[in-house]
Amino acid sequence: MRETLERIRSTAMEQLAAPNADLEQIRIQYLGKKGELTAVLRGMGKLSAEERPVIGQLANEVRADIEAAITAQAEKNAAAALEKKLVDERIDVTMPGVAPARGRRHPLAIIQHEMEEIFIGMGFQIAEGPEVEYDYYNFQALNIPENHPARDTQDTFYITENILLRSQTSPVQVHVMEEQRPPIRIISPGRVYRSDAMDATHSPLFHQLEGLVVDRGITMGDLKGMLELAAKQMFGEQTRIRFRPHHFPFTEPSAEVDVSCFACGGKGCRLCKGEGWIEILGAGMVHPNVLRNCNIDPEEYSGFAFGMGIERITMLKYHIDDIRHLYENDVRFLSQF
Ligand code: DAH
């Protein structure tokens, strides 16, 4: 029996020492209920009284040795597995990182934001209005009755006979005057729509920025002074402005406003087409009918309004020669701003 025990110990140790030994299988083979060592222990009853304690002690030693060897091997395996994982998953923190692609403002947003800052600096507040608008706000309340020729130049998209996509930001004037009493000082940037075919200078969707000031004693001098200040901030300190008589149904008198060319200073160049002046907006004194439509008494109050195209100013400032560049989302173009 002694030899059997010694043989069990040495074969178990051999198996445990082999590479990739299956520890659980070895434990079952020797120490399990039907294991070889367990079988020896069961046969102890046949031993003599002197032999039993000696063999019993040896059997316990063999069991303890095998158990210890299994535990030791298991610990070695775990350490090796950890080491392998650490090597396999090593991160080289000195490698250059992958820089995330950063977005930036669209050129239209840059210019819109610049204009907002200028007018906010002069005490204006930003007002918003719906892009889907009633005929009343887009036309009638602005003194453009049905069949008025001004409707032809602002042909837009109709949802129903009475509901349309706004062709200008001017209807926001009406919403604001319906809701607020003077003094009013707002700008309203936003999208407008016209049923125009897309070409280098036209787009069925574009952006305008509307301005409105209503209070007691507002004059055309206020309009001119305010626009001159804004133009200098927008295009440079040396900028001059010029009013040319014009007609808009919602202002009287009305003007088109030019700035001295910021590329040549007024001498005449490609940008201003040799004129020295560049048209940037429409403006005028709010028509008494418009004030009356909003329940503001034109005998007591007066105001001025102006409207400009954000695409136009963006294209002028950045020398963009085709409006379509602004809508094509080509990063090669957009990443220049
Ligand atoms: N709404 C006009 C347009 O789309 C621009 C404009 C002109 C707005 C004169 C005004 C204004 O407020 O007073 O052509």
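**Ligand shell and sheet architecture**

Gln168, Ser170, Arg194, Gln208 and Glu210 come nearest to the ligand among the 16 residues that surround it. The model is a predicted one. By class, the shell around the ligand comprises 9 polar, 5 nonpolar and 2 charged residues. At least two shell residues are supplied by each of three strands, namely S5 (205-215), S8 (277-286) and S9 (302-309).

Several polar contacts to the ligand can be described individually. The side chain of serine 170 places a polar atom 3.0 Å from a nitrogen atom of the ligand. In the side chain of arginine 194, an N or O atom is 2.9 Å from an oxygen atom of the ligand. At alanine 305 the contact involves the backbone, a polar atom of which lies 3.2 Å from an oxygen atom of the ligand. The ligand taken alone exposes 350 Å², and 91% of that area is buried by the protein.

Strands S5, S8 and S9, which contribute to the ligand shell, also belong to an open sheet of 7 strands with mixed pairing. The strand order is S1-S4-S5-S9-S8-S7-S6. Strand S1 (125-126) and strand S6 (241-248) form the edges, each pairing on one side only. In general, strands of a sheet pair through backbone hydrogen bonds, in either a parallel or an antiparallel manner. The pairing of S6 with strand S7 (residues 251-260) is antiparallel and extends over 7 bridges. Within this pair, proline 245 stands opposite alanine 255 of S7.

Helix H9 (residues 220-235) packs on the sheet and touches S6, S7, S8 and S9. The direction of H9 makes about 125° with that of S6. Helix H8 (residues 171-179) lies across strand S4 (184-193), S5 and S9, and runs at about 40° to S5.

Some backbone features of the model are also notable against general expectation. Most peptide bonds are trans, and most residues other than glycine have a negative phi. Proline 182 and proline 183, however, are joined by a cis peptide bond with omega of about 5°. Proline 183 is located in the loop between H8 and S4. A cis peptide bond also runs from glutamate 252 to proline 253, where omega is near -5°. Proline 253 is placed in strand S7, the strand that pairs with S6. Asparagine 147, although not a glycine, has a positive phi of about 70°. The position of asparagine 147 is in the loop between helix H6 (135-138) and helix H7 (150-153).

Key. Residues are numbered from 1 along each chain as its sequence is written. This is a predicted model: local features need pLDDT of at least 70, side-chain atom pairs count only at pLDDT 80 or more; totals for chains, interfaces and linings use all residues. Side-chain values use heavy atoms; hydrogens and water are left out. A residue is near a molecule or strand if one of its heavy atoms lies within 4 Å of it. A polar contact is a pair of N or O atoms within 3.5 Å; within protein, one must be able to donate a hydrogen and the other to accept it, and residues adjacent in sequence count only if both atoms are side-chain atoms. Accessible areas come from the Shrake-Rupley method with a 1.4 Å probe; for residues, only the protein chains shown count as cover. Helices (H or I, at least four residues) and strands (E, at least two) are DSSP runs, numbered from the N terminus. Ala, Val, Leu, Ile, Met, Phe, Trp, Tyr, Cys and Pro count as nonpolar, Asp, Glu, Lys and Arg as charged, and the others, Gly among them, as polar. Two strands pair if DSSP finds at least two bridges between them. Contact means heavy atoms within 4.5 Å. Axes are lines fitted to C-alpha atoms, for helices over the stretch in contact, and angles run from 0 to 180 degrees between N-to-C directions.
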